[in-house]
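Welcome! Take a moment to look over the sequence and the model shown here, and then we can walk through a few of its features together.

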Amino acid sequence: MKQITLTINEIPVSVPSGSTILDAARAAGVEIPTLCAYEGLKPKAACKLCQVIVEGEEKAKMACATRVKEGMRVTTDSDELFARRKALIQEMFRQHTVDCHHCLRIGSTRAEHFDPKFCESCFFCDCVRDGFCELQALALRFGVDQLPFEIHEHDFGMDCSTGSVLRNMDKCVRCRRCVEACQGQGVGILGLRRRKNGQTVAATSDMLSDGCIRCGRCVEVCPTGALYMAEHKDEILYHAHQYGTKTSALLFPDAVRPLEALYGERFSFGQLAAALKKIGIDRVYDGGSALALSRAKAARLLDERLGTGTLLLTDNHAAKAFLQSRFPERSAQFAFFDSPLQCFSAALRAEQPGTKLIAVGGENAFGAEAAETGAADYFVNARELYRILLRSGGAPAKRIPVEAEALPCDPVPEGYAPLLADIPWSLREGPAEVSVLRNGGHFRGLICRNPQQAEKALQEAEAWDVIRVLA
Ligand code: SF4
Ligand code: SF4
Ligand code: SF4
């Protein structure tokens, strides 16, 4: 592909033709602030924070939506640009329910400013995104600590109709990431809509429950506390401390990195397991062993059905809902198996009835699964776990590591490894073709990262022996 050479803040950089100024800046190691841009989603130039100066152009250009040209000279930072960006961020708070930035004691809610001595008994500042919020991070970076106007409430209200994926549109900045993510899931029920009190993002029939498959991907991409999973800090601590109640945690390794980022220090999986025990969780299990249980189940199902026509293979509750509602005529091809959480939950509850199960992981979509399938009593993401640990003095780095337990399970046959590998959900990457070698046969597999890819793959379904849908 043809390369285009330009300069960003006097730094020369070459990028493929068709790249945006934002792509080129990232390639040059220059950071341009953005709020609506998200890897894998189409540029929208909605937040206008990425505006830059292009030599010879009268008006500022949006870096996310402007293609590079040969010899272009771009400036991404100046006092004028800083002031414009600050004004834009201030404006985003004009109609925003601010639940952070309250604390007079510490003056900030940045993770590194939390003080366990005070915060564990307060958390008045608590918003579901506090410490992970891109708007909050921008406000802190651009010094938006006082607003030159009064905040007006939108009063768009809450939508809790799904019971798992919750919406508080009074925290929405109308970046439209969720709109595209939902389209990418092949569902497309979200859109920018005009209401009597202003513009907002809403579902087609106002209630998310009407059409939503509860995949949780809109929560994954939302930069603020507008979309989130229900939290359960108090119930978890209550059960952990209650005499006579048994509690078990299923700890997935992807919880470690975001939690380390909040603490600003490194610790191991074993130390995090020890921290969970410290707060009163009786037993901690390795999420990897739950994955193995689920993969073994998939392998048994494939052994029975591979070679009998195209199979639609998934363990994801949202992908199951999508396929059932869109392709009921293909129900004979459905090869649904239990997810890691469901497999583990069934095994644990058979062995230890009455145990409260808490799933701990990095991906918010897991929260939707826990609520939708009932496989876990509670799901906790890293942000919520951070607050639980702060409240109960369980800092992982101070713990002596313990080994997480595992439930026994059958090994997965090697021939299935590429098809059943642990592949992350993605909006930007295409489907992956894989070969399945099993029982002396060679089968063609396709891994679709979201339901929309599966919908396309089904147009040429006969080309595949098995289509795995991750969602
Ligand atoms: S959405 Fe972000 S800026 Fe708004 S209250 Fe929550 S943490 Fe603060
Ligand atoms: S949970 Fe999934 S289907 Fe529901 S609104 Fe969000 S992206 Fe769309
Ligand atoms: S709900 Fe979140 S992702 Fe959707 S437009 Fe509002 S801020 Fe953006």
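## Two ligand shells and a strand

Around ligand 3, the shell is made up of 10 nonpolar, 1 polar and 3 charged residues. Please keep in mind that this is a predicted model. In total, 14 residues surround ligand 3, and the closest are Cys-172, Cys-175, Cys-178, Cys-222 and Ala-226.

Ligand 1 has a shell of its own, with 13 residues around it. Here the closest are Cys-100, Cys-127, Cys-133, Thr-224 and Gly-225. The table sets the make-up of the two shells side by side.

| Ligand | Nonpolar | Polar | Charged |
|---|---|---|---|
| Ligand 1 | 5 residues | 4 residues | 4 residues |
| Ligand 3 | 10 residues | 1 residue | 3 residues |

Where does ligand 1 lie with respect to domain 2 and domain 3? Ligand 1 lies between them, because domain 2 (95-148) and domain 3 (154-228) both give residues to its shell.

Now let us turn to strand S19, residues 466-469. In a regular strand, side chains alternate between the two faces of the sheet. In S19, both faces are covered: Val-466 and Arg-468 are buried on one side, and Ile-467 and Val-469 are buried on the other.

Which strands pair with S19? Strand S13 (residues 311-314) runs parallel to S19 and is joined to it by 3 bridges, with Leu-311 partnering Val-466. Strand S18 (residues 441-448) is also parallel to S19, through 4 bridges, and there Ile-447 is the bridge partner of Arg-468. Together with helix H16 (residues 451-457), S18 and S19 form a right-handed β-α-β unit.

Definitions and conventions
Residues are numbered from 1 along each chain as its sequence is written. Chains are lettered from A and ligands numbered from 1 in the order in which they are written. This is a predicted model: local features need pLDDT of at least 70, side-chain atom pairs count only at pLDDT 80 or more; totals for chains, interfaces and linings use all residues. A residue is near a molecule or strand if its C-beta atom, placed from the backbone, lies within 6 Å of it. Ala, Val, Leu, Ile, Met, Phe, Trp, Tyr, Cys and Pro count as nonpolar, Asp, Glu, Lys and Arg as charged, and the others, Gly among them, as polar. Domain bounds come from an automatic or database domain assignment. A residue is buried if 20 or more other C-beta atoms lie within 10 Å of its own, exposed if 12 or fewer, and partly exposed in between; C-beta atoms are placed from the backbone. Helices (H or I, at least four residues) and strands (E, at least two) are DSSP runs, numbered from the N terminus. Two strands pair if DSSP finds at least two bridges between them. A crossover is right-handed if, with the strands pointing away from the viewer, the path from the first strand over the helix to the second runs clockwise.
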